[in-house]
Amino acid sequence: MAIKSFQGKRTAVLKKETEPILVSDYMTKNLITFSKSQSLEDVIATLVANRISGGPVVNEFNELIGIISEGDCIKHIAESRYYNLPVDKDNTVEKAMATEVETIDGNMNIFDAANQFLHSKRRRFPILEKGKLVGQISQKDILKAALKMKGNSWK
């Protein structure tokens with residue numbers, strides 16, 4: 001005689017509806033921004049004081065015109081030292097910033113944004129709404145989102 005295990009009545013498992021986790025839920029909205037006429041010395045001091053690795057460059061209408069990063073500043077310092085020149089205090093953000101800037105949509109799923117970080121090798125993406133800068137998402141923001149989810153909604 002065979003023994004049959006009894007698990008009780010099987011009920012249908014209800015799938016919990018999950019709402020998409022959006023970039024706009026985790027983006028930084030209070031940004032430190034720079035202007036194209038600002039000196040690189042000011043930018044370096046701001047980056048160090050605020051422990052950030054870069055930031056968007058905007059015009060007077062809060063429209064994105066570029067990104068300035070630690071790497072851009074280091075490049076300027078290295079070039080001046082290579083040619084044995086003093087750091088030019090009149091050097092401005094406009095001369096060092098990257099003007100080709102990739103942006104992402106604030107309504108993008110956080111997982112798609114993580115994938116975009118992997119493919120682009122960028123550390124941050126500005127988020128625009130109607131041509132105006134409204135926020136920025138960084139790799140660290142993606143990690144914070146992942147910690148909050150604790151692996152429950154990975155698809």
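**Pockets, cores and one helix in a predicted model**

The largest pocket here has a volume of about 480 Å³. Before going on, note that this is a predicted model. Twenty residues line that pocket, and Arg51, Ile52, Ser53, Gln136 and Ser138 are the closest to its centre. Strand 1, residues 54-58, strand 4, residues 132-138, and helix 6 each give two or more residues to the lining. Of these, helix 6 gives the most, with four residues. Sorted by class, the lining holds five nonpolar, eight polar and seven charged residues.

Next, the second largest pocket. Its space comes to about 250 Å³. The lining is made of 15 residues, and those closest to the centre are Ile67, Ser69, Arg122, Arg123 and Arg124. At least two residues of this lining come from each of strand 2 (64-69), helix 3 (70-82) and strand 3. By class, the count is five nonpolar, three polar and seven charged.

Now the interior. The largest nonpolar core has 14 residues, and the members that touch the most others are Val23, Tyr26, Ile104, Ile110, Ile127, Ile137 and Ile142. Two or more residues of this core come from each of helix 1 (23-26), helix 5 (110-120), strand 3 (124-129) and helix 6 (139-149). So strand 3 and helix 6 turn up again: strand 3 was in the lining of the second largest pocket, and helix 6 in the lining of the largest one.

Take Ile142 as an example. Which residues does Ile142 touch, leaving out those up to four places away in sequence? They are Ile110, Ala113, Ala114, Phe117 and Ile137. Apart from this core lies another, of ten residues, including Phe34, Leu40, Ile68 and Met97.

Leu40 takes us to helix 2, which covers residues 40-50 and has Leu40, Val43, Thr46 and Leu47 buried. Where do the buried residues of helix 2 sit when seen down the axis? They fall within an arc of 120°, so they line one face of the helix. As background, an α-helix has 3.6 residues a turn, so residues three or four places apart point the same way. The other side of helix 2 has Val48 and Ala49, which are exposed. After helix 2 comes Arg51, with a positive phi near 55°. Arg51 was also named among the residues closest to the centre of the largest pocket.

Two serines to finish. Ser24 belongs to helix 1. Is Ser24 buried or partly exposed? Its relative accessibility is 23%, so Ser24 counts as partly exposed, because buried means under 20%. Outside its neighbours within four places in sequence, Ser24 contacts Lys29 and Gly106. The C-alpha atom of Ser24 is also 6.3 Å from that of Asn107, although the two residues are 83 apart along the chain.

The other serine, Ser120, is in helix 5. With a relative accessible area of 17%, Ser120 falls under the 20% limit and is therefore buried. Not counting residues up to four places away in sequence, Ser120 touches Glu102 and Phe125.

Key
Residues numbered from 1 in each chain as written. Predicted model: local features only at pLDDT ≥ 70, side-chain atom pairs only at ≥ 80, totals over all residues. Heavy atoms only, no water. Core = buried A, V, L, I, M, F, W, Y, C linked by side-chain atoms within 4.5 Å. Buried < 20%, exposed > 50% of the residue type's maximum accessible area, 1.4 Å probe, protein only. Contact = heavy atoms within 4.5 Å. 1 Å grid on protein atoms, 1.4 Å probe; cavity = no way out; pocket = protein on both sides within 12 Å on 5 of 7 lines; lining within 4 Å. Points joined across faces, edges and corners; volume = space filled by probe spheres on them. Nonpolar A, V, L, I, M, F, W, Y, C, P; charged D, E, K, R; others polar. Arc of directions from axis to C-beta.
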